[in-house]
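The following exercises concern charged side chains and one helix of a protein model. Please attempt each task before reading its solution.

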Amino acid sequence: MEIRPALASDTSTIAGILAEGLGDKYGPAFGRHAVRALTAIVRASAGAWPGGYRVAVDDDGRAVGVAFLGLDGAGAPVFGPISQEVGVVTAIRASVVLLAFAKGRVEADEAHIDELAVAPDARRRGVASALLVECCEAAEAAGMRRVSRWVTGDNTPARALYSGAGFRVVGRRRWWIGRLLFGARGALLMERRLGAPPTPGWR
């Protein structure tokens, strides 16, 4: 399996993987327009900041997983592209919904994983773990000292994945909007310190 930076030709594939893998997040935000909206987001995000999308490619050259690593705490200007693609009303609704997942303040020494998703037919093959390795290595190479990720509290598989990769819970968020829209009672901020030995066997 190869992990590489995303190419412009990956845009629609990335959007499809995110819409499928993170449907509990993007379904309430965009409804039936999720793939179109995410295509606009991915296109607008390309080259907008350090880090960016990483794609896992299998032996057949097919993109099977994607992660987004933010290295500077900034966000790409995506409201305009989303509005043009799916309309202003949907873009406003999505902005309100997705605000629940916003990281908030990102410290100067912190990288943040905004997205990580794997195609359904490629799960349980180590794709997510490989993407985590890539994100942590890229963050460390960029001089970051830690990597963080929000995970909904009831997402047991995701919590196990990140815990096995050396991430620990460092914060909690209780949210009424999360329970209303996503059926989740809260979210956990998980973080891995870089430069320290990872949990044995996580790689």
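**Exercise 1.** Which residues form a positive surface patch?

*Solution.* The model is predicted, so local features need pLDDT of at least 70 and side-chain atom pairs count only at pLDDT 80 or more, while totals for chains, interfaces and linings use all residues. Residues are numbered from 1 along each chain as its sequence is written, and side-chain values use heavy atoms, with hydrogens and water left out.

Step 1. Patch members must have over 30% relative accessible area and no salt bridge, and like charges are joined within 9 Å. A salt bridge is a side-chain nitrogen of Lys or Arg within 4 Å of a carboxyl oxygen of Asp or Glu.

Step 2. The positive patch consists of Arg159, Arg172, Arg174 and Arg185.

Step 3. Arg159 belongs to helix 7 (residues 156-164); helices are DSSP runs of H or I with at least four residues, strands are E runs of at least two, and both are numbered from the N terminus. The relative accessible area of Arg159 is 33%, which makes this residue partly exposed (buried is under 20%, exposed over 50%, partly exposed in between, with a 1.4 Å probe and protein chains only).

**Exercise 2.** How many salt bridges does the structure hold? Examine three of them, then a network.

*Solution.* The count is 9 salt bridges.

Step 1. Arg4 pairs with Asp10, their closest N and O atoms being 2.7 Å apart. Arg4 counts as buried at 18% relative accessibility, and Asp10 is buried at 7%.

Step 2. Between Glu115 and Lys25 the closest N and O atoms are 3.2 Å apart. Glu115 lies in strand 4 (residues 110-118) and Lys25 in helix 2 (residues 23-30), so this salt bridge ties together parts that are 90 residues apart in sequence. Both Glu115 and Lys25 are buried.

Step 3. Glu85 and Arg36 also meet in a salt bridge, at 3.2 Å from N to O. This pair links helix 4 (residues 79-86), which holds Glu85, to helix 3 (residues 34-45), which holds Arg36, across 49 residues. Glu85 is partly exposed at 29%, as is Arg36 at 39%.

Step 4. Asp109, Arg146, Glu191 and Arg193 are joined into one network by salt bridges that share partners.

**Exercise 3.** Compare the expected span of helix 6 with the distance between its end C-alpha atoms.

*Solution.* Step 1. The expected span is 1.5 Å times one less than the number of residues.

Step 2. Helix 6 (residues 127-141) has 15 residues and should therefore span 21 Å; its end C-alpha atoms are 21 Å apart, in agreement.

Step 3. Buried residues of helix 6 include Val127, Leu131 and Cys135. Gly143, with a positive phi near 90 degrees, follows helix 6.

Technical notes. Patch = residues over 30% accessible without salt bridge, like charges linked within 9 Å, V, L, I, M, F, W, Y side chains within 5 Å. Areas by Shrake-Rupley, 256 points an atom, 1.4 Å probe, with all protein chains shown as cover. Lys, Arg positive; Asp, Glu negative; His and termini not counted. Charge placed at Lys NZ, Arg CZ, Asp CG, Glu CD.
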